[in-house]
Structures are given as structure tokens and as C-alpha cells.
Amino acid sequence: MKPTRRQLLIGGTVVGGGMLLGYATMGSSRPERAQAVAAGEGEHFTTTWLKIDPDNKVTVYVPHSEMGQGVHTSIPMMAAEEMEADWDLVQMVQAPADDVWANGPLAKGYVLGQTPIPSALTGVVDASFFKIAEMMVGQITGGSTSVRFTGQYGMRVAGAAAKEMLIRAAADKWNVPESELTARLSHVHHEASGKNATFGELAAAAAEYSPPKNPILKDRKDFTIIGTSKPRYDIPSKVDGTAQYGVDVQRPDLKIAAIRQAPVFGGSVKSFDGSAALNQRGVTAVVSTDDGVAVVADNYWRAKQALELVEVEFDDGGNGSVSSESIFATFHDNLENAESEEDVEIGDAVAAMAAGSDLVEARYEVPFLAHTCMEPMNCTIEFKDDKVEVWVGTQDGLSTRNVVAEVAGVAPENVHVNNFMLGGGFGRRGPSASNHIHQATKIAKQVGGPVKLVWSREEDVQHDYYRPAVAAHMSATLDDSGQPTAWVNRYIRKDEPAEASHIPYTVANQSIRYVESPVHVPYGAWRSVAHTQHSFFNESFVDELANAAGKDPFEFRMSLIGDNPRHKAVLAKAGETAGWGTPLPAGHARGVALQQSFDTIVAQIVEVSIDDAGEPKVHKVTCTVDCGPVVNPDGAAAQIESGVIYGLTAALYGDITIEDGAVVQENFPDYDAVRLAQTPEIDIHFMESDAPFGGLGEPGTPCIAPAVANALFTLTGQRVRSLPLMNHDFKAGPRLASAAD
């Protein structure tokens with residue numbers, strides 16, 4: 001059945017007697033473009049997130065990538081909850097990389113956050129953000145936004161709208177008031193007459209109505225799906241090995257490319273001789289991508305071996321003398337002498353500092369960090385006439401389409417992206433970190449046919465978009481009672497999220513400012529983005545103030561939280577569950593840290609000791625979390641656990657250093673990670689509240705580094721002001737000289 005224009009304009013369309021329902025409100029051009037897509041494919045993928053089929057199954061189109069965070073399950077749960085769907089009849093499909101599925105609620109969340117919108121303006125606002133999403137945001141998976149923005153502003157609204165439309169269809173069919181009808185378990189019921197119908201039976205009629213602009217959302221106390229642990233859709237295929245990642249792609253006549261890139265950032269290929277490589281078995285081409293040389297062969301091993309035979313000369317882009325030492329020296333010089341920009345100014349911190357008698361000062365540093373996703377960077381490209389087919393695991397299919405189109409020199413509508421599960425993302429496969437996609441497109445354009453570019457681990461470690469290195473100069477004064485009267489922070493570079501450098505503590509005079517200090521090392525989003533560095537700076541420095549005041553660091557924080565009741569409750573719960581103040585085994589100590597990130601508040605209390613080699617050993621992490629309602633408790637706990645382990649890896653080992661303009665580290669032997677045997681006991685306590693849905697993909701990461709560093713200070717008396725911890729010897733003092741020590 002071909003959809004009518006009216007159905008398209010209201011965001012609903014009939015598919016085989018079923019219904020596709022988009023957001024309750026949207027711009028009129030989106031359904032028209034969706035129809036063009038559907039007509040081209042003979043299908044009906046419209047501007048929609050929900051499909052009801054005649055067999056009563058509900059399909060949720062998820063505009064986010066699955067990279068282990070369980071989003072392919074949590075997002076459908078939020079839609080099904082409001083729709084009153086039978087969870088056993090719900091399935092999911094990842095939304096295709098097309099403008100039609102641009103994620104408007106994500107754009108809305110990024111721009112407006114939790115800002116309330118008058119109901120009369122909801123339609124206009126939502127339509128505007130769909131357009132913004134098409135232009136800017138695309139389908140990004142990152143920033144802990146899936147549940148926080150897409151689920152809250154998109155899927156719940158779509159589900160509630162669908163329910164109201166189905167009830168209205170039933171009311172008209174049975175000639176009864178809508179108020180006498182209820183929806184539950186994918187049926188609409190009329191108790192008085194005993195009539196009932198499945199969603200599938202009502203779907204076609206329901207699609208004839210305009211979706212309500214402001215559907216009523218359920219109260220948290222009425223949730224039946226949200227808050228229950230549902231088995232994740234992605235797990236079975238990962239267990240039995242059938243899950244498909246980008247690196248698994250196979251195509252007829254597929255060739256594999258291995259690449260060697262200019263070692264110095266900003267460098268490029270001056271010249272190369274690939275004749276020896278071309279004589280090797282299976283090798284079909286040796287090509288330049290400007291920033292590297294790639295060998296194309298019939299399998300990866302042959303391509304990689306032949307790559308060693310390529311004679312290539314790179315230039316250094318004028319960056320061949322840069323080192324980590326010179327970068328940090330510039331940071332500290334700029335912090336002292338360059339003009340700063342305002343971040344937070346409360347009261348008069350300068351005057352309070354001048355009047356204070358007990359001054360505490362410290363310098364902090366954190367290094368560049370790589371992502372080291374388990375699945376190597378890869379991308380498969382095939383040119384066919386004026387069209388380009390892409391197979392890749394990406395955190396933003398829509399921006400990937402646009403990147404390939406630009407590099408290939410074709411219109412975006414001539415690029416089709418097949419997005420796969422991601423073997424780790426953490427920001428590395430985000431829209432601003434697509435060097436491997438650029439290169440794959442250039443290679444395929446030169447050699448024709450399908451080509452899969454696969455990076456070695458060495459190329460991955462040495463050509464990432466790194467968590468930026470940052471330095472901060474902190475200072476504060478204490479009054480006679482030991483309470484801080486002024487808080488001053490000067491740090492390098494304002495990064496996202498904007499509030500990452502802010503503190504939850506009540507200090508009357510605050511001056512937080514930043515200084516730009518450009519580096520040639522490419523940087524990008526890393527799990528928790530700027531929260532990781534600022535949590536280490538702020539929570540370590542608060543500990544220093546507690547020590548200077550002669551106070552217990554936990555009680556000191558409690559006394560400073562002031563009118564932040566959620567923070568106080570989370571921290572208090574952490575202290576209670578971790579047994580703060582109770583005896584520990586000899587040689588053990590506790591440390592604490594608190595951070596709000598992505599609308600979620602986390603407190604962590606760790607228990608550490610020092611092993612015979614002088615290395616820190618983390619025995620237990622007690623973690624309390626207020627993220628508002630918890631959608632899928634098992635998945636939520638897994639998110640926090642993985643965030644702790646990822647952050648602990650960075651705290652203990654993460655260190656990308658620069659010498660002669662290039663990265664020193666190459667692979668896991670010199671860029672280590674926490675092993676299974678090193679993983680501490682992680683005790684998680686969710687403190688559900690009526691606060692808006694918070695993110696969970698990243699909030700588990702920021703606290704772990706300062707909590708461990710603070711525990712080590714209690715244990716050894718040695719204050720760590722630079723990471724990673726492996727660079728310090730807790731028996732013999734710091735191993736490495738550092739401006740921050």
C-alpha cells in the first residue's frame with residue numbers, strides 16, 4: 001500500500017498494513033525525502049523510529065551505534081515503555097546513515113540540555129533540531145547521550161505518541177470514548193465491552209491520525225520495562241561469534257591494504273619507491289594517501305610484509321623537534337604569562353587570595369592518551385560508477401557518509417554506509433576522528449574495486465586522535481577554620497563538556513580560567529572527554545586542601561557540598577557502603593573522589609595497597625551513582641564497571657609521549673592495560689531519583705584516577721600531581737622528574 005501524502009506529512013506511513021511512526025513532530029520535508037529513499041529501495045524507511053507490523057511486532061529504529069554499551073537494547077526499552085508494548089514482541093534495527101534518520105533529539109539535547117520547553121513551542125523546536133541534526137550533529141554516538149537525549153526526547157515521545165494514536169484508532173473503531181480505553185502488552189482494551197485489538201490490527205488506522213505534539217509521558221512509578229534488566233540484543237551474536245564488525249567484511253574480489261604513515265604529525269610523503277613491494281606475491285598496488293603509503297594485496301599478511309619493502313621518505317611538517325617536555329614547558333609558560341579566558345568567575349577570588357593567610361598551590365599534568373580499541377581501525381570502500389559503498393564501524397554513520405562523499409568527490413546521496421558493531425569506540429570512531437576513512441577512500445579511488453584498509457596496532461597507537469595533554473595551576477586559601485575562601489584554577493584549553501572544570505563545592509570566591517596553547521598533536525574525544533583531566537585536578541586539589549586544613553578528606557568534602565543535595569546523598573552513600581573510617585588491613589588505605597558528568601553524579605571510594613615491586617594495587621572500588629532512573633540495571637552496572645576499568649588503565653599506565661615530533665609508544669608492551677587479574681572488586685550502588693535521565697557510558701571513568709592518587713597519598717604521604725601512576729615509585733619517590741611534582 002503506497003503511503004498518502006498526508007500520511008507522509010504527519011510522519012506516519014503504512015508498511016504492508018502496518019504503521020511507521022516518527023517523532024510526534026517534525027519538519028514536513030523529512031517525510032518527503034524519506035519517501036524518496038523508500039521509493040528507491042522499494043521499502044518504507046521513513047523519518048521514523050517505530051514500526052508496527054501486522055503480526056503485532058514493534059520495531060525500533062535506533063540512531064546510535066552499538067559499541068558494547070547496550071544502546072541497542074536500552075533505547076527500544078524506553079520506546080516500548082511509553083508505548084505499552086509487549087517486550088517479547090519488540091525488536092530493533094539500527095537506523096541507516098541517511099538524513100532521514102538524523103538525530104534531532106540529540107541536537108536538541110546538546111544545545112538545550114535539560115532546559116524545559118513550553119508545550120506550545122515543542123513542535124517548532126523539535127522540527128528545528130531535526131534540521132540542525134542534518135546539518136551538524138548527524139547520528140553521533142558519544143557524550144553519553146543515547147538514553148539522556150535520544151531516549152528521553154525521542155524514543156519516549158515517539159512511544160507515547162504511538163500509544164495515543166492506537167487508542168484513538170480503537171475508540172473510532174468501537175465508537176467509545178478514548179478515556180475508556182487502555183493499552184498494555186501491545187493490545188488496546190475496552191474493559192466495559194470486553195473488546196480488544198492488537199497494535200498490529202490498529203496500526204493502519206492509527207497512521208491516519210496526526211501524531212500528538214505533546215504526548216503524555218508515564219510517571220516513573222508506573223514503569224514496567226524501564227528499571228528491569230532485559231537481555232541485550234547484541235550479546236548472543238557476540239557470544240556465538242556471529243556478530244559482524246567492520247573488520248569482518250568480505251566482498252567478492254576484496255583487496256586488503258596496509259599502511260605506513262608519516263611518523264611526525266603534520267608530515268607527508270615526499271617520495272616513495274614501491275617497486276620491490278610490487279614484485280611480492282599477491283600485491284596489486286602501492287599508492288600514496290599523501291599522509292602515508294599503502295600496499296594493496298590479496299590478504300593482510302602479504303600487504304603488511306610487502307609494506308616493509310617500500311622505500312619512503314616523509315617530511316616532518318616542521319614539527320620534528322617537538323617533545324612532551326617542550327609541550328609541557330610551553331603549557332606552564334602560557335599558564336603563567338598568556339592571557340586567559342573566563343570560565344567561571346564568582347565573587348572576588350583575587351582579593352580573597354590576597355587577604356588569605358593559608359595559601360595552597362599546586363601544578364598538575366596529565367598526558368596524551370590513546371584509545372586502543374580492540375578492533376583495529378578499518379574501513380572498506382568500493383567505487384561503482386558514480387556511487388560509493390562503505391562498510392565500517394563508526395560512531396556516526398551520517399557524518400561518515402559525508403566525509404566519504406567529500407573525499408571521493410561525489411554527492412552524499414551517492415554514498416551508502418553500512419554501519420557495523422564497533423569493537424570499541426570511546427570517541428576514536430567519532431565524526432572528527434576519521435583519518436582511516438579518509439585514507440580508505442583515497443586508496444579505493446586509485447585502485448578500484450573493493451578495498452579494506454586495516455591499520456596495524458602500531459599505526460593505531462601512533463596516529464590516534466588523542467585525549468589531550470593538559471596542565472593546570474591550582475591555588476586556594478583557607479580561613480582560620482580550615483575552610484577554603486578562594487579557589488583559583490588556570491588550565492590549558494577549554495574542551496567539552498563546558499562544565500567539566502567546574503566544582504560542586506561551595507567556595508565563595510572562584511576564578512576558573514583557561515589558556516589556549518596549540519600543539520601539533522591531533523586530539524579528539526576520549527571517554528568522558530574533559531572530565532577525566534579536570535576530575536583529577538579538582539579532586540586531588542580538594543584532597544590537598546583537606547590535608548592542609550588537617551581534616552578528613554571525606555568529611556571535608558561533605559562540609560563543602562552545601563546546597564547540592566544530590567551530590568551530598570551520593571557521597572554519603574559511598575562513605576556508608578565503603579565503610580569510610582573503619583579499620584583496614586595493614587598497608588591499605590582509602591581514597592575518595594566525586595564528579596558530576598553527563599548529568600550523572602558519581603562518588604568512588606577505593607582501597608589500595610603497594611605491592612612488593614612498589615606498584616599500586618587497587619583492591620576495591622565502591623561506586624555510588626545517581627543517574628536519575630536506571631533503564632536497564634544490568635547494562636548500567638556494566639557501563640560503570642567498564643568505565644572504572646578503562647579509567648584505571650589510564651591512571652596506572654596511560655602515557656603517550658612525544659619525541660622528535662612523533663609518538664614513542666607502539667603497542668601494548670609499552671602502552672599497557674589493566675589485566676583481568678588486576679581488576680578490583682567493583683561494588684556499585686545506584687541511587688535512583690526523579691532527576692532527568694543521566695548518561696552512563698562515561699561517568700564511571702573520571703573519579704578513579706584522583707581516588708587512587710588520594711588513597712596513595714594517605715598510604716605513602718606522596719602526593720601525585722602527574723599521571724600515569726607507573727611513573728612514580730611509591731617506595732623510593734618519583735621516578736621521573738616532572739614540572740608537576
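**Figure 1. Close-up of the right-handed crossing of helices α3 and α6 in the predicted model**. The crossing of α3 and α6 is right-handed, and the two helices, α3 spanning residues 71-83 and α6 spanning residues 146-174, pack at an angle of about 35° with their axes 6 Å apart. On the α3 side the contact is made by Val71, Ser74, Ile75, Met78, Ala79, Glu82 and Met83, while the residues that α6 brings to the contact include Val147, Gly151, Met155, Gly159, Ala162 and Leu166. Taken by residue class, the contact of α3 with α6 divides into 10 nonpolar, 6 polar and 3 charged residues.

**Figure 2. Close-up of strand β12 and the strands β9 and β11 paired with it**. Strand β12 (residues 292-297) is largely enclosed by the rest of the structure, because 6 of its 6 residues are buried. In a regular strand the side chains alternate between the two faces of the sheet. In β12, Gly292, Ala294 and Val296 point one way and Val293, Val295 and Ala297 the other way, and all are buried. Strand β9 (residues 255-261) runs antiparallel to β12 and is joined to it by 6 bridges, with Ile259 having Ala294 as its bridge partner in β12. Strand β11 (residues 283-288) is likewise antiparallel to β12, here with 5 bridges, and Ala285 stands opposite Val296 of β12. The strands β11 and β12 form a hairpin with 3 residues between them, in whose turn Asp290 has a positive phi of about 75°.

**Figure 3. Close-up of the successive hairpins of β6, β7 and β8**. Strand β6 (residues 181-184) and strand β7 (residues 187-190) run antiparallel and are joined by 4 bridges, and Leu181 stands opposite His190 in β7. Between β6 and β7 the hairpin has 2 residues, and Leu185 in the turn has a positive phi of about 50°. Strand β7 is also joined by 4 bridges to strand β8 (residues 195-198), again in an antiparallel arrangement, with Asn196 in β8 as the bridge partner of His189. The hairpin of β7 and β8 has 4 residues between the strands, and Gly194 takes a positive phi near 80° there.

**Figure 4. Close-up of selected salt bridges, including pairs that link distant parts of the chain**. Side chains of opposite charge can pair when their charged atoms come close. A search of the whole structure finds 29 salt bridges. In one of them, Arg220 pairs with Glu688, the closest N and O atoms being 3.8 Å apart. This pair links distant parts of the chain, with Arg220 in the loop between α7 and α8 and Glu688 in the loop between β28 and α20, 468 residues apart. Arg220 counts as partly exposed because its relative accessibility is 30%, and Glu688, at 43% relative accessibility, also counts as partly exposed. Arg721 forms a salt bridge with Glu544, with the closest N and O atoms 2.9 Å apart. Here Arg721 lies in the loop between α20 and β29 and Glu544 in helix α16 (residues 531-549), 177 residues apart, and both Arg721 and Glu544 are buried.

**Figure 5. Close-up of the Asp298–Arg302 salt bridge and of a salt-bridge network**. The closest N and O atoms of Asp298 and Arg302 are 2.8 Å apart. Asp298 counts as partly exposed at 34% relative accessibility, and Arg302 is partly exposed with a relative accessible area of 22%. In a further view, Arg428, Arg457, Asp460 and Asp464 are linked in a network of salt bridges.

Notes
Residues numbered from 1 in each chain as written. Predicted model: local features only at pLDDT ≥ 70, side-chain atom pairs only at ≥ 80, totals over all residues. Heavy atoms only, no water. Pairing = 2+ DSSP bridges. Salt bridge = Lys/Arg side-chain N within 4 Å of Asp/Glu carboxyl O. Buried < 20%, exposed > 50% of the residue type's maximum accessible area, 1.4 Å probe, protein only. Axes fitted to C-alpha atoms, helices over the stretch in contact; angles between N-to-C directions. Left-handed = near helix turned anticlockwise from the far one by under 90°. Contact = heavy atoms within 4.5 Å. Nonpolar A, V, L, I, M, F, W, Y, C, P; charged D, E, K, R; others polar.
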